[in-house]
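User: I am new to this structure and would like to understand the reasons behind the terms used for it. Could you take me through them with care?

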Amino acid sequence: MLKPKEALERAENLVSQAVKAGADAADAVYVCDASTEVQVRLGALEDVARSEGEEIGLRVFVGQRSATISSSSLNPSILANLVSRAIDMAKEAPEDQYAGLAPQDLLLKGAVPDLDVDDGQDPDPAMLRASALECEDAARAVAGVTNSEGAGASAARSIFALATSHGFAGVKSSTGYGLSASVLAGEGDAKERDYDWRSARHLADLDSAAAIGTRAGERAVRRVNPGSVKSGAMPVIFDPRVGSSLVGHLLGAISGSSIARKTSFLLDANGTALFDSSISVIDDPLRPRGLASRAFDGEGLPTKRRAIIEKGVLTGWLMESASARQLGLQPTGHASRGVSGAPGVSTSNLHLEGGSVSVSDLIGDIKYGVYVHELVGQGVNLVTGDYSRGAAGFLIIDGEIAGPVSEFTIAGNLKDMFAAMVAADDLEFIRSNNVPTLRVDGMMIASA
């Protein structure tokens, strides 16, 4: 794998070639990845995989016309052809008055901050195998677990470099480690599966293999012999594993492109209260060792901590340069970029805060409701906010978690769900999108 400095030089050289060949402006993205993954099942090694790859993408502008092209070969003659083809494509593309690089005066200036996302390690497959075996052993040791789908351990390193023709050059090197297990409980046709996983930028921050495996086993056992739930309106508790998807729907609805195209149910919501005043949603790209930390976005703009929801109020849209121009606003440092296509938008380390009650208190007054730990299907309409998804979880009866239930649907409208949301105090920073246990009253439940 290239060193970060060499990776950045690759991107800079391609941009320089594009400008010399006649492009009015250009940017280039270089990405390389190397990963090792070990899979075990029933105490035996099942697979060891090693992958390495690199890609480079070039975006050129000729007037208000643009084109993007990418290659997995960095042969100089192929890259020279890449440049000429990109310019030819741009000349034939339709004009777009909003196309262009990010405003030069907003680019990140000076050195790129070090966010400590690369621990410099490269674990060998034997160590990964030992971790995966320990994780699966812990899961299979849970009473009631009857089979295993296996466990896996992975280690990866990646480099992302971005260069633009108007003065930005930045590179990020990061490591990533993962550990997971998936097991089954029950017998015959009554088997149920569940899983657990953790990931981290530093190997030292990864949860223990035994803890991950034990949680996977316990979750599978709790799901055995599910019953049914009554249909009707009732409170729904969202486990943190699935509650984060609700924040994901919020982000999709406030992206600049959705607002510019008028395809969002939150078109008129800027500056209004969407949640209870106790709730804030924070994007923190500068968190050291964060799973999605980044000092600059996909267009070279600096990132910063921002309250997307501040004390219940929506503070604005998430915009890359093109949608910002269309809306007459400034980009917000949320551009995301791959080697192909124009920039989109994404957040980094996101979390929902403001919970002040324990999970037991959150459910304590529920006479009849459901605790959801799994969602299936994609029944979410971001144009209208209508929400309908299949679910599985547990009944809540008289303030206590009761038996497992499955094959039911939960439905509502996201605006109503946001307004009714109450958060517990069990927030953990273990994913890139973190929420505590959430409660939403008045949702419609339909049993299959």
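User: What makes the largest pocket lie between domain 1 and domain 2?

Analyst: In this predicted model, domain 1 (4-221) and domain 2 (226-447) both give residues to the lining of the largest pocket, so the pocket lies between them. The bounds of the two domains come from an automatic or database domain assignment. On the sources: residues are numbered from 1 along each chain as its sequence is written, and because the model is predicted, local features need pLDDT of at least 70 and side-chain atom pairs count only at pLDDT 80 or more, while totals for chains, interfaces and linings use all residues. Side-chain values use heavy atoms, with hydrogens and water left out.

User: Why is a space called a pocket in one case and a cavity in another?

Analyst: Both are sought on a 1 Å grid over the protein atoms alone: a cavity is a set of points where a 1.4 Å probe fits but cannot get out, whereas a pocket is an open set with protein on both sides within 12 Å along at least five of seven lines, and lining residues have an atom within 4 Å of a point. Grid points are joined across faces, edges and corners, and a volume is the space filled by probe spheres set on the points. Computed in this way, the largest pocket has a volume of about 410 Å³, and its lining is made of 26 residues, of which Asp-96, Glu-320, Ala-322, Ala-342 and Pro-343 lie nearest its centre.

User: Which element gives the most to the lining of the largest pocket, and how do the residues of that lining divide?

Analyst: Helix 7 gives the most, with five residues; among the elements that each supply at least two residues are strand 2 (44-62), strand 3 (65-71) and helix 7 (321-327). Helices (H or I, at least four residues) and strands (E, at least two) are DSSP runs, numbered from the N terminus. The lining divides into 10 nonpolar, 10 polar and six charged residues, where Ala, Val, Leu, Ile, Met, Phe, Trp, Tyr, Cys and Pro count as nonpolar, Asp, Glu, Lys and Arg as charged, and the others, Gly among them, as polar.

User: How many residues of domain 1 are in contact with domain 2?

Analyst: Contact means heavy atoms within 4.5 Å, and by that rule 43 residues of domain 1 are in contact with 34 residues of domain 2. The centres of the two domains, taken over C-alpha atoms, are separated by 24 Å.

User: Why is Ser-71 called buried?

Analyst: Buried means under 20% relative accessible area, exposed over 50%, and partly exposed in between (1.4 Å probe, protein chains only); Ser-71 has 11% relative accessibility, and therefore counts as buried. Ser-71 lies in strand 3 and, not counting residues up to four places away in sequence, touches Glu-54, Glu-55, Ile-56, Ile-78 and Leu-82. Ser-71 and Val-339 are 268 residues apart in sequence, yet 8.4 Å apart in space, C-alpha to C-alpha.

User: What makes Ser-174 and Ile-282 count as buried?

Analyst: Ser-174, in strand 5 (residues 169-185), has 4% relative accessibility and so counts as buried. Its contacts, leaving out residues up to four places away in sequence, are Val-117, Asp-118, Ala-156, Arg-157, Ser-158 and Arg-201. Ile-282, in strand 8 (residues 280-283), counts as buried because its relative accessibility is 3%. Beyond its neighbours within four places in sequence, Ile-282 is in contact with residues including Arg-305, Arg-306, Ala-307 and Asn-349.

User: How many cavities of 30 Å³ or more are there, and what lines the largest cavity?

Analyst: The count comes to two. The largest cavity has a volume of about 50 Å³, and the residues lining it include Asp-283, Arg-294, Lys-304 and Arg-306; by class, that lining has one nonpolar, five polar and four charged residues. The second largest cavity holds about 50 Å³ of space, and strand 16 supplies the largest share of its lining, three residues.

User: How do you know which residues the C-terminal domain annotation covers?

Analyst: That comes from UniProt, where an unreviewed entry lists "domain: Metalloprotease TldD/E C-terminal" at residues 231-446; such annotations may be inferred rather than shown by experiment, and the positions are given in the numbering used here, with feature names shortened. Over residues 231-446 the chain is 18% helix and 34% strand, with the end C-alpha atoms 5 Å apart.
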